[in-house]
Amino acid sequence: VENTQHMIHTFDHAISLMEAPNEKWIWISDFTGFGMKHLNPSTSIAASSLFSTYYPERLGTFLFLGAPKIFSTLYHSITPLLDPVTRSKLTFVPKGTDDQMRQMFSEYFDEELSEWLIKEVKQNADKAKRKEKKYSSAAIKGSKSFSSVEDVPCAQEDAVVSGHNFHGTSSFLKHLQKQPLNWQQSFYHIPPSSSAPDIQVLEASPCCQD
């Protein structure tokens with residue numbers, strides 16, 4: 001249930017940020033730490049159902065990054081259940097060196113996002129760095145209200161690990177900063193307020209700094 005809530009919240013977040021002509025997303029699944037305990041197909045089936053029922057034609061490409069051999073068992077068990085069009089959008093890519101990943105990511109993303117993704121992948125592979133990343137499950141599922149803009153996840157000090165904000169690139173976070181305050185209020189469930197301090201806090205939030 002929590003995985004499904006997380007996907008719905010993430011998909012709705014992505015759609016709310018899309019601007020024409022961009023109407024599709026690229027989903028990257030980093031398989032760092034994937035093992036036998038993860039071979040339950042329920043999450044994959046739930047994702048497929050969400051895609052086809054509530055988010056038709058939103059998926060542009062799904063990148064399976066560094067999928068281990070044992071994943072083939074799960075993959076072959078769910079592919080017969082997938083729509084052929086969806087199945088054609090699934091792509092397996094190796095992790096490789098920084099330069100190899102940089103070349104691969106450059107086929108889909110600009111330089112800034114490619115470099116951010118490389119740092120994200122490297123931190124995911126570092127157990128110590130992974131432990132430093134603190135995600136708010138309530139915020140991710142869209143089930144928590146925040147009292148002010150400065151309370152949202154990407155504005156917290158622990159959103160940055162070794163100089164890397166794991167909520168997104170500098171340009172992306174600055175884009176959020178420029179969004180109308182009511183967008184932030186509706187997405188993060190912040191009580192409506194037209195007071196200047198809230199706007200100033202948003203514009204000065206740590207996540208939006210280089």
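Colour the chain by secondary structure: the protein has eleven helices and five strands. The model is a predicted one. Switch to a surface view next. About 12,300 Å² of the protein is accessible, and carbon and sulfur atoms hold 53% of that area. Of its 210 residues, 35% count as buried. In a contact map, look at pairs with a separation of 6 or more: residues 24 or more positions apart make up 72% of those contacts.

Now go to the sheet. Select strands 1, 2 and 3, which form an open sheet in the order 1-2-3, with parallel pairing. Strand 1 (25-30) and strand 3 (90-93) are at the edges; each has a single partner strand, so one side of each lacks a neighbour in the sheet. Turn the view to follow the twist, which averages 20° from one strand to the next.

Keep strand 1 and add residues 59-65, which are strand 2. The two run parallel and are joined by six bridges. To find one position on this pairing, select Ser-29, which stands opposite Phe-64 of strand 2.

Stay on strand 2 and select Thr-61, which lies in this strand. Is Thr-61 buried or exposed? Its relative accessibility is 16%, and buried means under 20%, so Thr-61 counts as buried.

Finally, show what surrounds this residue. With neighbours within four places in sequence left aside, Thr-61 is in contact with Trp-25, Ile-26, Trp-27, Lys-89, Thr-91 and Tyr-108. Display these side chains together with Thr-61 to end the tour.

Notes. Residues numbered from 1 in each chain as written. Predicted model: local features only at pLDDT ≥ 70, side-chain atom pairs only at ≥ 80, totals over all residues. Heavy atoms only, no water. Pairing = 2+ DSSP bridges. Helix = DSSP H or I, 4+ residues; strand = E, 2+ residues; numbered from the N terminus. Axes fitted to C-alpha atoms, helices over the stretch in contact; angles between N-to-C directions. Buried < 20%, exposed > 50% of the residue type's maximum accessible area, 1.4 Å probe, protein only. Contact = heavy atoms within 4.5 Å. Areas by Shrake-Rupley, 256 points an atom, 1.4 Å probe, with all protein chains shown as cover.
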